[in-house]
Amino acid sequence: MGRANNKKKNVSNIKGLDKAHPYSRKATQLNRAVVRNINLQEKRKLQSAKHQLIVDKLVSLQTILRGNEALTAHELIQAYIARNDAEIKHLNEKRRNNSKTNRQQLLESLRQKDEQDYSVGFEIPDISDPEMRQTFIQWDQDYNSISILKMQRFVKE
């Protein structure tokens with residue numbers, strides 16, 4: 001037969017913490033619960049950052065599309081990739097020596113990553129469908145409502 005799983009997973013479930021000896025089973029339970037809480041917080045933070053990157057990308061695409069609703073999918077992706085070109089050009093003109101600023105390196109690496117994603121497959125909402133285009137333009141910029149957007153992958157021609 002299997003052993004009963006009576007591990008305490010939350011600090012609030014462990015009773016009598018003030019009476020626990022430092023090397024007791026109760027102290028071990030407490031340590032395990034604290035480490036578990038720390039790991040869960042780190043996972044939530046990573047997941048939140050990952051979700052924020054997706055939302056930021058879609059918000060940028062939405063802003064570009066709202067500015068010019070006649071764009072095709074490939075034109076929209078090209079405009080998204082070129083979104084920081086003006087700032088890169090400005091930083092190049094402002095620079096006196098050959099070394100690049102951290103901001104310029106960051107913007108160039110973002111552009112390079114976006115171009116690489118586009119050559120492999122760039123996923124955006126399907127704007128070829130007029131209904132979906134209108135849904136994306138009216139999207140409320142919330143991660144939980146991304147599921148209403150039908151996504152499509154586009155590869156550089």
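The largest pocket here holds about 500 Å³ of space. Keep in mind that this is a predicted model. Of the 18 residues lining that pocket, Leu53, Ile54, Lys57, Tyr80 and Lys113 sit closest to its centre. Let's start with the pocket, then look at helix H1 and the aromatic rings.

**The pocket and its lining**

- Which elements give two or more residues to the lining of the largest pocket? They are H1, helix H4 (102-120), E1 and E2.
- H1 chips in the most, with six residues in the lining.
- Sort the lining of the largest pocket by character and you get eight nonpolar, two polar and eight charged residues.

**Helix H1**

- H1 covers residues 25-67, which makes 43 residues.
- From its first C-alpha to its last, H1 reaches 63 Å, close to the 63 Å expected at 1.5 Å a residue.
- Which residues of H1 are buried? The list is Ala27, Gln29, Ala33, His51, Val55, Leu58, Leu61, Gln62 and Leu65.
- Here's a handy bit of background: an α-helix has 3.6 residues a turn, so residues three or four places apart point the same way.
- What do the buried residues of H1 pack against? Their partners are helix H2 (73-81), strand E1 (122-125), helix H5 (130-137) and strand E2 (151-154).

**Aromatic rings**

- How many aromatic pairs turn up in a search of the whole structure? There are three.
- Take Tyr80 and Phe122: their ring centres are 5.6 Å apart and their planes meet at 55°, so this pair counts as tilted.
- That pair ties together distant parts of the chain, with Tyr80 in helix H2 and Phe122 in strand E1, 42 residues apart.
- Are these two buried or exposed? Tyr80 is buried because its relative accessible area is 6%, under the 20% cut-off. Phe122 also counts as buried, at 2% relative accessibility.
- Now for Phe136 and Trp139: the ring centres lie 6.3 Å apart and the planes are at 20°, so the pair is stacked. The angle is what decides this, because planes under 30 degrees apart count as stacked.
- Phe136 and Trp139 are both buried.
- Ring pairs also join Tyr80, Tyr118 and Phe122 into a cluster.

**Tying it together**

- Tyr80 is a good residue to find in the structure: it is one of the residues closest to the centre of the largest pocket, and it belongs to the ring cluster with Tyr118 and Phe122.
- H1 is worth tracing too, as it gives the most residues to the pocket lining and has buried residues that pack against H2, E1, H5 and E2.

Note on methods. Residues numbered from 1 in each chain as written. Predicted model: local features only at pLDDT ≥ 70, side-chain atom pairs only at ≥ 80, totals over all residues. Heavy atoms only, no water. Helix = DSSP H or I, 4+ residues; strand = E, 2+ residues; numbered from the N terminus. Expected span 1.5 Å × (residues − 1). Buried < 20%, exposed > 50% of the residue type's maximum accessible area, 1.4 Å probe, protein only. Contact = heavy atoms within 4.5 Å. 1 Å grid on protein atoms, 1.4 Å probe; cavity = no way out; pocket = protein on both sides within 12 Å on 5 of 7 lines; lining within 4 Å. Points joined across faces, edges and corners; volume = space filled by probe spheres on them. Nonpolar A, V, L, I, M, F, W, Y, C, P; charged D, E, K, R; others polar. Phe/Tyr/Trp six-rings, centres within 6.5 Å; stacked < 30°, edge-to-face > 60°.
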